[in-house]
Amino acid sequence: MSFVPLNFNLLPEAEMRIRAAAFLEEMRRRRTVREFSLQPVPREIIEQAVLTAGTAPNGANLQPWHFAVVADPAVKRRIREAAEVEEREFYQQKAPQAWLDALAPLGTDEHKPFLEAAPWLIAIFSRGSFADAAGARHQTYYSKESTGIACGFLIAALHHAGLATLTHTPSPMNFLNEICGRPPSEKPFLLLVVGYPAEGVQVPAFAARKKPLGEISTWL
Ligand code: IYR
């Protein structure tokens with residue numbers, strides 16, 4: 001077992017306060033957008049954000065995730081077409097009225113033009129098991145929790161870099177396995193749409209209202 005010293009950045013308390021407040025402010029500026037500009041985004045920015053996601057804490061450091069990063073317009077088109085099939089069924093048949101009522105203030109529907117407009121789509125998969133170099137299969141641990149944390153890192157990294165994202169969840173989204181060429185041991189977890197917001201885009205006012213500390217926490 002090999003251990004190395006922790007490279008911990010111990011900060012003065014005054015600086016911690018400044019950084020904590022500044023980060024909160026930056027994250028409060030993050031808004032989900034549903035209309036994207038056609039403007040391209042350099043691949044290096046996306047690579048850095050995916051590497052940041054890959055630093056997330058995870059079960060037994062098995063890093064049970066995979067990021068399928070899509071820029072090819074033909075692949076984006078296939079993803080849009082498949083997603084819209086599922087979404088049409090969701091909005092027209094499957095969704096209970098209460099769910100549709102909850103979504104109404106967001107103004108979403110089965111049309112997903114952003115899946116072609118945005119320069120990058122990142123399909124994130126959670127790996128329930130993996131094959132080692134010899135071909136033997138091993139299970140992973142806490143794969144969904146780990147992948148969820150990695151997605152949080154990814155969204156924060158992209159926002160920090162100056163990009164907008166949309167967490168899109170067509171359901172079911174098994175079509176992503178076929179289109180992205182991923183094995184059945186990897187479950188599609190989230191489809192992240194990445195780019196610049198469309199010029200003049202508006203976002204729902206109510207969604208900026210976040211619950212206060214007293215509502216989201218108890219202190220014992
Ligand atoms: N997946 C659908 C519906 C949807 C569901 C929730 I919960 C949202 O917060 C937003 C949308 C869609 O993407 O339109």
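These questions and replies go through a ligand, its pocket and two backbone details in a predicted model.

Numbering starts from 1 along each chain as its sequence is written. Local features need pLDDT of at least 70, side-chain atom pairs count only at pLDDT 80 or more, totals for chains, interfaces and linings use all residues, and side-chain values use heavy atoms, with hydrogens and water left out.

Me: What makes a space a pocket, and how much space lies in the largest pocket?
Reply: On a 1 Å grid over the protein atoms alone, a pocket is an open set of points where a 1.4 Å probe fits, with protein on both sides within 12 Å along at least five of seven lines. Its volume is the space filled by probe spheres set on the points, which are joined across faces, edges and corners. Here that comes to about 470 Å³.

Me: Which residues that line the largest pocket are closest to its centre?
Reply: Lining residues have an atom within 4 Å of a point. There are 21 of them, and Arg34, Leu103, Leu106, Thr167 and Thr169 are the closest to the centre.

Me: How do you know what space the ligand takes?
Reply: A molecule sits in a pocket if more than half of its atoms lie within 2 Å of the pocket's grid points. The ligand's space is the largest pocket.

Me: What makes a residue part of the shell around the ligand?
Reply: One of its heavy atoms must lie within 4 Å of the ligand. Glu87, Phe90, Tyr91, Trp99, Leu103, Leu106, Lys112, His168 and Thr169 surround the ligand. Helix α3 gives the largest share, three residues. Helices here are DSSP runs (H or I, at least four residues), and strands are runs of E, at least two, numbered from the N terminus.

Me: Why is the pair between Tyr91 and the ligand called a polar contact?
Reply: A polar contact is a pair of N or O atoms within 3.5 Å. A polar side-chain atom of Tyr91 lies 2.5 Å from a ligand oxygen, so the pair qualifies. Lys112 also has a polar side-chain atom 2.5 Å from an oxygen of the ligand. For His168, the distance from a side-chain N or O atom to a ligand oxygen is 3.1 Å. The protein buries 71% of the 370 Å² that the ligand exposes when taken alone. These areas come from the Shrake-Rupley method with a 1.4 Å probe.

Me: What makes Ala60 and the bond between Ser171 and Pro172 worth a look?
Reply: Most residues other than glycine have a negative phi, and most peptide bonds are trans. Ala60 is not a glycine, yet its phi is positive, about 55°. Ser171 and Pro172 are joined by a cis peptide bond, with omega about -5°. Pro172 sits in the loop between β5 and α7 (175-180).

Terms used
Polar contact = N/O pair within 3.5 Å; in protein donor to acceptor, adjacent residues only side chain to side chain.
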